[in-house]
Amino acid sequence: MDAIVYESNTGFTERYARLLSEKLGKPAYTLKESAARLEKGSEVIYLGWVMANQVCGLKKAARRLNIKAAGAVGLFPNTEANTNILIAKNKPDFPLFYLRGGLDYSKLKGIKKKLLLMIRDNMVRENKPENSELVEVLTNGADFVTEENLTSLLAFALML
């Protein structure tokens, strides 16, 4: 494996990429940087942030790089159901791991921020107890980035 390549929106994916880079002793590049630093077909682990169940930048990275595994960094809890939705939507031909990132409204602008606030408002109106933790996150933001969340992806990467 040659490198970690990532696309980050508010910094949570970049933090995971840097942690993984440190653990594996491989460089981490943004998707844009990878075009200048990595040869076509280089073997990488790709990390991208999730928007509307799409792993941002994944298709672009897959056209140029040999992705051995991907990490999808999102806001929702890490459940098998959420991971299965991402796999169904993105259709990767490599393992996809879900990493819970976070939410920092100070780094969001425009439609992305408004969309999350609309989702929160809808959940508040629904008033379902199972959504209380997510409503809290959508109200106050959160940071779920930890080394522990990388355990499965790191174990897989160490076998490459």
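The following questions and answers go through charged pairs, a surface patch and several individual residues of a predicted model.

Reader: How many salt bridges does the structure hold?
Author: Side chains of opposite charge can pair when their charged atoms come close. In this predicted model, one such pair is Arg18 with Glu14, and another is Glu133 with Arg100. Counted over the structure, the number of salt bridges is 6.

Reader: In which helix do Arg18 and Glu14 both lie?
Author: The side chains of Arg18 and Glu14 meet in a salt bridge, with 3.6 Å from N to O. Arg18 is partly exposed because its relative accessibility is 40%, and Glu14 is likewise described as partly exposed, at a relative accessible area of 32%. The two residues are 4 residues apart, about one turn of the helix, and the element that holds both is helix α1 (residues 12-24).

Reader: Which residue forms a salt bridge with Glu133, and how far apart are the closest N and O atoms?
Author: The partner of Glu133 in this salt bridge is Arg100, and the closest N and O atoms are 3.2 Å apart. The pair links distant parts of the chain, since Glu133 belongs to helix α6 (residues 132-140) while Arg100 belongs to strand β6 (residues 96-100), 33 residues apart. To name the pair and its distance once more, the answer is Arg100, at 3.2 Å.

Reader: Is Arg100 buried or exposed?
Author: The cut-off for a buried residue is a relative accessible area under 20%. Its salt-bridge partner Glu133, at 34% relative accessibility, counts as partly exposed. Arg100 has a relative accessibility of 11%, and therefore Arg100 counts as buried.

Reader: What is the distance between the closest N and O atoms in the salt bridge of Asp121 with Arg120?
Author: Asp121 is partly exposed, having a relative accessible area of 30%. Arg120, by contrast, is buried, because its relative accessible area is 18%. In the salt bridge that joins Asp121 to Arg120, the closest N and O atoms are separated by 2.9 Å.

Reader: Which helix gives the most to the positive patch?
Author: The positive surface patch is formed by Lys32, Lys59, Lys60, Arg63, Lys89 and Lys91. Among them, Lys89 lies in helix α4 (residues 80-90), where Lys89 is partly exposed with a relative accessible area of 43%. The element that gives the most to the patch, with 3 residues, is helix α3 (residues 58-64).

Reader: Where does Asn149 lie, and how far apart in space are Asn149 and Arg100, C-alpha to C-alpha?
Author: Asn149 sits in the loop between β8 (142-143) and α7 (151-158), and at 28% relative accessibility Asn149 counts as partly exposed. Leaving aside neighbours within four places in sequence, Asn149 is in contact with Tyr16, Leu99, Arg100 and Phe144. Although Asn149 and Arg100 are 49 residues apart in sequence, their C-alpha atoms are separated in space by 7.4 Å.

Reader: Which residues is Thr83 in contact with, leaving aside its neighbours within four places in sequence?
Author: Thr83 has its place in helix α4. At 14% relative accessibility, Thr83 counts as buried. Once the neighbours within four places in sequence are left aside, the residues in contact with Thr83 are Asn78, Leu96 and Tyr98.

Reader: What is the approximate phi of Ala52, and what is that of Asn53?
Author: Ala52 lies in the loop between β3 (43-51) and β4 (54-55), and Asn53 is found in the loop between β3 and β4 as well. Ala52 is exposed, with a relative accessible area of 64%, whereas Asn53, at 35% relative accessibility, counts as partly exposed. Neither residue is a glycine, and yet the phi is positive in each case: about 55° for Ala52 and about 65° for Asn53.

Reader: How far apart in space are Asn122 and Val135, C-alpha to C-alpha?
Author: Asn122 is placed in helix α5 (residues 110-126), and with a relative accessible area of 39% Asn122 is partly exposed. Asn122 and Val135 are 13 residues apart in sequence, and in space their C-alpha atoms are separated by 9.5 Å.

How values were computed
Residues are numbered from 1 along each chain as its sequence is written. This is a predicted model: local features need pLDDT of at least 70, side-chain atom pairs count only at pLDDT 80 or more; totals for chains, interfaces and linings use all residues. Side-chain values use heavy atoms; hydrogens and water are left out. Patches are made of residues with over 30% relative accessible area and no salt bridge: like charges are joined within 9 Å, nonpolar side chains (Val, Leu, Ile, Met, Phe, Trp, Tyr) within 5 Å. Accessible areas come from the Shrake-Rupley method with a 1.4 Å probe; for residues, only the protein chains shown count as cover. A salt bridge is a side-chain nitrogen of Lys or Arg within 4 Å of a carboxyl oxygen of Asp or Glu. Lys and Arg count as positive and Asp and Glu as negative; His and the chain ends are not counted. The place of a charge is taken as NZ of Lys, CZ of Arg, CG of Asp or CD of Glu. Buried means under 20% relative accessible area, exposed over 50%, partly exposed in between (1.4 Å probe, protein chains only). Contact means heavy atoms within 4.5 Å.
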